[in-house]
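Colleague: Before we talk about how the parts of this protein meet, could you put the sequence and the structure in front of us?

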There are 2 protein chains.
Amino acid sequence: MVAFDDLMAFQRETEALAQVMGRLGWDQETMMPKGAAQQRADEMGALESVLHARRTDSRVGDWLAAVDEGALDDVGRAQIRHIRRSHARAVRLPDTLSAQLARVTSRAQGIWAEARAADDVAHFLPVLTEVVRLKREEAAALADGRDLYDALLDDYEPGATAEGIGAMFDRMRPRLVDLRERIMGSARTPAALSGNFPAEGQMVLAREVASHFGYDWRHGRLDRSVHPFTSGSGTDVRITTRVDTAEPLGCLYSTLHEVGHGAYEQGIDPAFRLTPLGQGVSMGVHESQSRIYENQLGRSRAFCGWLFGRMGEVFGQAGAGDADAFYAAVNRVHSGHIRTEADEVHYNLHIMLRFDLERELIAGRLEVADLEEAWNARFAADFGVAVDRPANGVLQDVHWSVGLFGYFPTYTLGNVYAGCLYTALRAAVPSLDNDLARGHAEPATAWLRDHVQRHGGLSEPAATIERACGFAPHEGPLLDYLDAKFGALYDL
Amino acid sequence: MVAFDDLMAFQRETEALAQVMGRLGWDQETMMPKGAAQQRADEMGALESVLHARRTDSRVGDWLAAVDEGALDDVGRAQIRHIRRSHARAVRLPDTLSAQLARVTSRAQGIWAEARAADDVAHFLPVLTEVVRLKREEAAALADGRDLYDALLDDYEPGATAEGIGAMFDRMRPRLVDLRERIMGSARTPAALSGNFPAEGQMVLAREVASHFGYDWRHGRLDRSVHPFTSGSGTDVRITTRVDTAEPLGCLYSTLHEVGHGAYEQGIDPAFRLTPLGQGVSMGVHESQSRIYENQLGRSRAFCGWLFGRMGEVFGQAGAGDADAFYAAVNRVHSGHIRTEADEVHYNLHIMLRFDLERELIAGRLEVADLEEAWNARFAADFGVAVDRPANGVLQDVHWSVGLFGYFPTYTLGNVYAGCLYTALRAAVPSLDNDLARGHAEPATAWLRDHVQRHGGLSEPAATIERACGFAPHEGPLLDYLDAKFGALYDL
């Protein structure tokens, strides 16, 4: 067991340094003085070099070769599975390619921001071409003969395949387009909230709902940032939210979303702290936690009834005439261009568009030069409206500029998983609607912690969901939930 | 020049990682969730291992041997001087001793805190004995035949010697004791401030005075912490302060003190960023900046006049009847037991007591078992009152528990340097009192930046002060300043 123990001790230090990197990222978005950006890049670059050297350290390969897996328990074997996978990825990637990717994506992100601000696709295309070329090289180095896109996907959702996801998306898409069209044809046109909602009150409510959903303040904190995010694992898991005084739902539902991510990390078995099992097992399972807190629980009629009353107390009004109108406003379906502002019906259509396009790009079947046209055609077909400008179309997301190919589908995987978990949760916690009507979700968190969160990286993603639900995950529960919820809301 | 360039590139990464360590320390004291302490220790431990490996890396020795110093300019030679010194210290220290020191001081700090809370010296003595033994071992490893105490001092004040400091302190002590006794015999007994000063107002004022003293918010920020401190170099230099609603001067003068430290780091030539020259050259010179901002400028009659008026505006009252009473309260001399609460007259007597005792401990001429008695006897002699309990005596400071032997004298060195700089500053900036009477010190900061701060680690500490003042630093200006100021205040 010497090899295993040495490997785990080494890994624990690596995980600790990776946590430090996370703290720097958090600080950069929340606390860092404006003039410190260049120095922070130097600091993170130095730490990244240290992490890279550890991830490719030849001793890791030696220890892995020496470990007797037969002598390990389930936990030990799962640790080895994670270490083996990430070490294999790290050593397959040539150092020069990693360095090139870091340099080019850093430049590309700046150019993307300029292009989006100026609605100038042509400004972005040359560097995007370079990013796609390098990502295809990366995929080829990692693929070991498998599908190129799968090799990239593997970093975010181990075990998933483009073929499997593609088939599922193809089953989902017509039902979602049909639901969307029926909603748009409905006579019901709920109003958005109106009014002014001071920032202090929003933050008071944000902290309150975080507490009610089981967020652990002893091991976390809530701050404001431009884009909400969750940072850290183990006993230091921080979340952020944003505030718009004209629109309070963004703050509240961003908070619930991040509370889902945060509760997952906080809920993992403390014995896994600073090991490969001590963090969410995949982006898809992570997103299942954020989505079920935000949508299935947070946007339920029961919780909206409580929130309507509480907003009245905090702000003197909730921006809607009664709880039903408030619930309708929270779940208002609208034909927007922007993914991050999309409702539950449109959201997955945004993802499918991106998944299909990026899969074609990585396969080499779509040229970057043709990307905008492909985007616009698909958008018009699925959303029933035209893209009005590139900033609302192909330039809206940062992901491709920073090389995140294979990441998008995990958002919809998360929604699908959340649909499955919600079915199981309702059966397991009969008090759920009563809890939510009092503004509370601790019993739901307790069930999720016990059945999903505490296991961390112990099982593969799909197996993690299957163990919790008792059935293999599939799109049915999510689609049925959407049909039922929006059918009732829009009188379909 | 290949060796020099390689060495500097390596060093730059080490300095960047050292900055990361600083960010973790800052976060721990200001932002970290309470339940994250153990994990943070693991994170800092992992990073410390990385830093230790870099500091003792054999390539550094090879590069140093290969550098042709004759081909370097002043800046290059100064870089090499710093790297050579810290590399020599790092390689002289056996790894086992460093690890032992880290383990024992970590435990000792906890025991010290318990002992102080319980007023139980006996609880602290065994672990302090162990700390002293390890520090003597460390000193022996570093000393290379020189004085043991000097080897420790060298880490905080390169070039200073216990003999030189001891001789200066022996000249200062009778004059300070005499001044103290005359003040205590004076018929003047100024009152402390009274009233309630809400925290928000204190922080508004703290930010205002920081701005007026030239603190650069683009490269810094101000937060609250239990003990005020400054963290970071280069373009990210953060300060903290504390707030007591019954006593506003602690917040304001702690802020000015940290603004001094912060302005020093912010004022260093940007070309030195992330190099050994890119930080304050010694603890003594650092303290000269914090002390001149806090005392010679901040506690001046001119600035107190402005502050009295401004506090009236912010709080509705300043806690004193008029500006003269306010000035007297700010500079009130009182026979307290606690170093950190001491006035300008008593402060250096606190330091001399600690310097003499720790010098004896390291020399092996004083046993830890006899430390309390020695402390109490010296305190009664110099302060005219008895120590009432160990928490107000030998147990009051954290320094010895964490192994900071050789650090205390730099506080008084800083005061001596501040006295010298103040003489030169008054001659160079004739508008000083007028500026301070308007609440501003930017012209003083400009002079200090130009004559001290921007040079960073370019020259040795005493040479840094001598270049700014035009004379070799000595205790005369500080003692004359104290005589004049307190003579007038107490009608001596």
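Modeller: The domain bounds used here come from an automatic or database domain assignment. Please keep in mind that this is a predicted model.

Colleague: How far apart do the C-alpha centres of domain 1 of chain A and domain 2 of chain A lie?

Modeller: Chain A is divided into two stretches, with domain 1 covering residues 1-92 and domain 2 covering residues 107-492. Taking the C-alpha centre of each of these domains of chain A, the separation comes to 27 Å.

Colleague: Which element gives the most residues to the side of domain 1 of chain A that touches domain 2 of chain A?

Modeller: The rule finds 15 residue pairs in polar contact across this interface between domain 1 and domain 2 of chain A, both residues being at pLDDT 80 or more. On the domain 1 side, the elements that give two or more residues are helix H1 (2-30) and helix H4 (74-92) of chain A. Of the elements on that side, the one that gives the most, with 11 residues, is H1(A).

Colleague: Which three residues supply 31% of the area that domain 1 of chain A buries against domain 2 of chain A?

Modeller: The two domains of chain A bury about 2300 Å² between them, and 54% of that area is on carbon and sulfur atoms. The three residues of domain 1 that supply 31% of what their side buries, more than any other three residues, are A:Trp26, A:Arg89 and A:Arg92.

Colleague: How far apart are the closest N and O atoms in the salt bridge of A:Asp144 with A:Arg92?

Modeller: Between domain 1 and domain 2 of chain A the count is 6 salt bridges. A salt bridge requires a side-chain nitrogen of Lys or Arg within 4 Å of a carboxyl oxygen of Asp or Glu. For A:Asp144 and A:Arg92, the distance between the closest N and O atoms is 3.3 Å.

Colleague: Turning to the two chains, which residue of chain A forms a salt bridge with B:Glu43?

Modeller: In the contact between the chains, 37 residues of chain B meet 37 residues of chain A, and the count of salt bridges between these chains is 8. One of the pairs joined in this way has its closest N and O atoms 2.9 Å apart, and there the partner of B:Glu43 is A:Arg23.

Colleague: Which helix supplies the largest share of the side of chain B that touches chain A?

Modeller: Helix H1 (2-30) and helix H2 (37-55) of chain B each supply at least two residues of that side. The largest share, 10 residues, comes from H1(B).

Methods:
Residues are numbered from 1 along each chain as its sequence is written. Chains are lettered from A and ligands numbered from 1 in the order in which they are written. This is a predicted model: local features need pLDDT of at least 70, side-chain atom pairs count only at pLDDT 80 or more; totals for chains, interfaces and linings use all residues. Side-chain values use heavy atoms; hydrogens and water are left out. Buried area is the accessible area (1.4 Å probe) that two parts lose on being put together, summed over both. A polar contact is a pair of N or O atoms within 3.5 Å; within protein, one must be able to donate a hydrogen and the other to accept it, and residues adjacent in sequence count only if both atoms are side-chain atoms. Helices (H or I, at least four residues) and strands (E, at least two) are DSSP runs, numbered from the N terminus. Contact means heavy atoms within 4.5 Å.
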